[in-house]
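Hi,

Here is the small handover I promised, with the sequence and the coordinates together. Have a look when you get a minute, and then read on for my notes.

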Amino acid sequence: MECIGCGNCQQGEATYYCVMRNGFVIMEQSTPREKTKTSNWKKGDPQYEKHRRSRRELEKIG
């Protein structure tokens with residue numbers, strides 16, 4: 001079976017799904033990278049308090 005050119009292997013990911021092989025492929029050359037936390041929602045943070053209050057007010061109205 002020939003490659004259908006889906007582009008999954010060219011995205012540079014460590015793991016991808018290959019349609020031709022009908023399975024997942026794990027790249028051995030890639031180095032594991034540490035996960036980073038993207039969310040900054042913490043109690044006491046002004047943005048958190050503003051967001052929390054606005055959602056609570058919306059729930060009371062609706």
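Below is what turned up, going from the hairpin to the surface and then to the cysteines. One thing to keep in mind throughout: this is a predicted model.

**The hairpin**

Let's begin with the strands. β1 covers 15–18 and β2 covers 23–26. The two strands run antiparallel and are joined by four bridges. One of the pairings to look at is Y17, whose bridge partner in β2 is F24. β1 also has two faces you can tell apart: Y16 and C18 sit on the covered one, while T15 and Y17 are on the uncovered one.

Between the strands of this hairpin there are four residues. V19 is in that loop, and so is N22. The backbone of N22 deserves a glance, as its phi is positive, at about 60°, although N22 is not a glycine. N22 also counts as exposed, with 60% relative accessibility.

**The aromatic pair**

How many aromatic pairs does the count come to? The answer is one. It is made by Y17 and F24, with ring centres 5.2 Å apart and planes at 70°, so this is an edge-to-face pair. Planes have to be over 60 degrees apart for that label. Recall that Y17 and F24 are bridge partners as well, so you can take in the backbone pairing and the ring pairing in one view.

Are these two rings' residues buried or exposed? F24 counts as exposed, at 65% relative accessibility. Y17 is partly exposed, with a relative accessible area of 32%.

**The nonpolar patch**

Y17 and F24 turn up again on the surface, where they form a nonpolar patch with I4 and V19. Together the four have about 410 Å² of accessible area. V19, the member from the loop between β1 and β2, is partly exposed, and its relative accessible area is 35%.

**The cysteines**

How many disulfides does the structure hold? Zero. The cut-off here is a pair of cysteine sulfur atoms within 2.5 Å. For C6, the nearest cysteine sulfur is that of C3, at 6.1 Å, and C6 is in no disulfide. C9 is in no disulfide either; its nearest cysteine sulfur is also that of C3, 5.5 Å away.

As for their surroundings, C6 is partly exposed at 41% relative accessibility, and C9 is partly exposed with a relative accessible area of 43%. C6 belongs to the segment before β1. If you want to place that segment against the hairpin, try the C-alpha atoms of C6 and Y17: they are separated by 9.8 Å, and the two residues are 11 apart along the chain.

If you only open one view, I would pick Y17: it bridges to F24, pairs with the F24 ring edge-to-face and belongs to the nonpolar patch.

Cheers

Notes: Residues are numbered from 1 along each chain as its sequence is written. This is a predicted model: local features need pLDDT of at least 70, side-chain atom pairs count only at pLDDT 80 or more; totals for chains, interfaces and linings use all residues. Side-chain values use heavy atoms; hydrogens and water are left out. Rings of Phe, Tyr and Trp (its six-membered ring) pair if their centres lie within 6.5 Å; planes under 30 degrees apart count as stacked, over 60 as edge-to-face and the rest as tilted. Buried means under 20% relative accessible area, exposed over 50%, partly exposed in between (1.4 Å probe, protein chains only). Patches are made of residues with over 30% relative accessible area and no salt bridge: like charges are joined within 9 Å, nonpolar side chains (Val, Leu, Ile, Met, Phe, Trp, Tyr) within 5 Å. Accessible areas come from the Shrake-Rupley method with a 1.4 Å probe; for residues, only the protein chains shown count as cover. A salt bridge is a side-chain nitrogen of Lys or Arg within 4 Å of a carboxyl oxygen of Asp or Glu. Two strands pair if DSSP finds at least two bridges between them.
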